[in-house]
Amino acid sequence: MKINTALLQEITAIAEEAGQAIMTIYARDFSVEEKADKSPLTEADQAAHGLIIERLGPLLGGVPILSEEDTEGFPGPDAQGRYWLVDPLDGTKEFIKKNGEFTVNIALIENGRPSLGVVHAPDLGRTYIGWPGEGAWRIDTDGKHTITVVGEHGGPWRVVGSRSHASPKMAQWLEQLGEHEMVPMGSSLKLCLVAEGAADVYPRLGPTSLWDTGAAQAVVEAAGGKVLAPHGEKLDYSRTDEVLNPHFLAYGRRVIDWPAWGD
């Protein structure tokens with residue numbers, strides 16, 4: 001299907017409606033369960049999942065939906081290689097900590113590539129939209145603004161990293177990089193900081209899943225940046241039977257011979 005402004009507006013509305021459902025639960029006490037992989041699951045994950053599935057289901061005439069909260073129900077991409085890729089609540093650990101750094105991620109995947117992405121951060125009142133080839137935008141209380149990755153800014157490297165997944169590999173990578181300052185952030189917001197020029201680079205040297213990155217990768221690429229696997233290839237979303245991503249590096253225009261970031 002040809003992407004258009006009306007579709008972007010619809011996906012944005014769905015993400016923001018899911019965000020409202022999340023914030024209703026965020027404002028009160030909520031239960032926390034543990035999934036089989038030991039990751040946390042809350043009422044908010046489930047509420048956002050149900051709403052998104054209901055709203056996305058009929059939107060493009062039945063394009064399949066791969067959601068973190070229902071991987072078993074995903075039949076695979078359709079005949080045109082399309083599917084929706086959804087993380088109803090990315091950053092559940094940040095949600096539980098109540099630091100606001102969590103998002104709703106919705107992407108349309110076509111032939112293994114994210115062709116649009118919406119990342120909504122409900123507690124921050126911020127939404128990022130990426131339409132590769134057309135542009136990237138941030139919507140907040142000041143309105144809608146075009147965003148772009150940063151060029152040279154003359155200071156130390158601004159490296160965005162996870163609040164919840166620090167590792168010895170990351171420390172080693174940073175030592176090889178040289179002078180830098182860390183910008184800690186949770187969820188897919190890390191990629192969005194690169195997209196809007198608030199960070200130079202995001203090295204991810206630990207596990208992520210397809211739904212963690214698809215929407216925000218669309219934002220980064222639409223803003224003029226790159227999200228690359230260890231051998232320089234773009235992250236690929238065609239292998240839905242293997243939901244784990246390789247390590248990756250997201251960056252803007254300030255390109256150097258980066259320290260190796262392979263597995």
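Q: Which loop holds K98?
A: This is a predicted model, where local features need pLDDT of at least 70, side-chain atom pairs count only at pLDDT 80 or more, and totals for chains, interfaces and linings use all residues. Residues are numbered from 1 along each chain as its sequence is written, and side-chain values use heavy atoms, leaving out hydrogens and water. Helices (H or I, at least four residues) and strands (E, at least two) are DSSP runs, numbered from the N terminus. With that naming, K98 lies in the loop between α3 and β5 (103–110).

Q: Is K98 buried, partly exposed or exposed?
A: Buried means under 20% relative accessible area, exposed means over 50%, and partly exposed is in between (1.4 Å probe, protein chains only). K98 comes out at 42% relative accessibility, so K98 counts as partly exposed.

Q: What is the phi of K98, roughly?
A: K98 is not a glycine, yet its phi is positive. The value for K98 is about 60°.

Q: Which ring does the charged end of K98 sit over?
A: A charge sits over a ring if NZ of Lys or CZ of Arg is within 6 Å of the ring centre and within 35 degrees of the ring normal. The charged end of K98 is 5.4 Å from the centre of its ring. That ring belongs to Y26.

Q: How far apart are the ring centres of Y26 and F95?
A: The structure holds 9 aromatic pairs (rings of Phe, Tyr and Trp, using the six-membered ring of Trp, with centres within 6.5 Å; planes under 30 degrees apart are stacked, over 60 edge-to-face, the rest tilted). Y26 and F95 have planes at 40°, so this pair is tilted, and the centres are 5.1 Å apart.

Q: How many residues apart in sequence are Y26 and F95?
A: Y26 is in helix α1, while F95 is in helix α3 (residues 92–97), so their pair ties together separate parts of the sequence. Both Y26 and F95 are buried. Along the sequence, the parts they join are 69 residues apart.

Q: Is the pair of F30 and F95 stacked, edge-to-face or tilted?
A: The ring centres of F30 and F95 are 4.7 Å apart. This pair links distant parts of the chain: F30 sits in the loop between α1 and β1 (32–34), and F95 in helix α3, 65 residues apart. The planes of the F30 and F95 rings are at 40°, so the pair is tilted.

Q: What is the relative accessible area of F30?
A: F30 belongs to one aromatic cluster together with Y26, F95 and F102. In that cluster, F95 has 0% relative accessibility, so F95 counts as buried. F30 is buried too, with a relative accessible area of 19%.

Q: How far apart are the end C-alpha atoms of helix α1?
A: The expected span of a helix is 1.5 Å times one less than its number of residues. Helix α1 (residues 5–26) has 22 residues, so it should span 32 Å. The distance in the model agrees with this, at 31 Å.

Q: Which residue has a side-chain oxygen that reaches a backbone nitrogen at the start of α1?
A: This is a polar contact (N or O atoms within 3.5 Å; within protein, one must be able to donate a hydrogen and the other to accept it, and residues adjacent in sequence count only if both atoms are side-chain atoms). The backbone nitrogen belongs to A6, and the oxygen comes to within 3.2 Å of it. The residue supplying that oxygen is N4.

Q: Where is the kink in α6 centred?
A: Helix α6 (residues 210–222) has 13 residues and reaches 18 Å from its first C-alpha to its last, close to the 18 Å expected. Of its 13 residues, 13 are buried, so α6 is largely enclosed by the rest of the structure. The kink is about 30° (the angle between axes fitted to the seven residues ending at a residue and the seven starting there). It is centred on A216.

Q: Which residue follows α6 with a positive phi?
A: The phi in question is near 100°. The residue is G224.

Q: Is V149 buried or exposed?
A: V149 lies in the loop between β9 (143–146) and β10 (157–162). Beyond its neighbours within four places in sequence, V149 has contacts (heavy atoms within 4.5 Å) that include V194, V220, G224 and R253. At 2% relative accessibility, V149 counts as buried.

Q: Which residue's backbone oxygen does the H247 side chain reach at 3.5 Å?
A: H247 is found in the loop between β13 (226–228) and β14 (248–251), and it is buried, with a relative accessible area of 8%. A polar atom of its side chain lies 3.2 Å from the backbone oxygen of L205. At 3.5 Å, the side chain of H247 reaches the backbone oxygen of W261.
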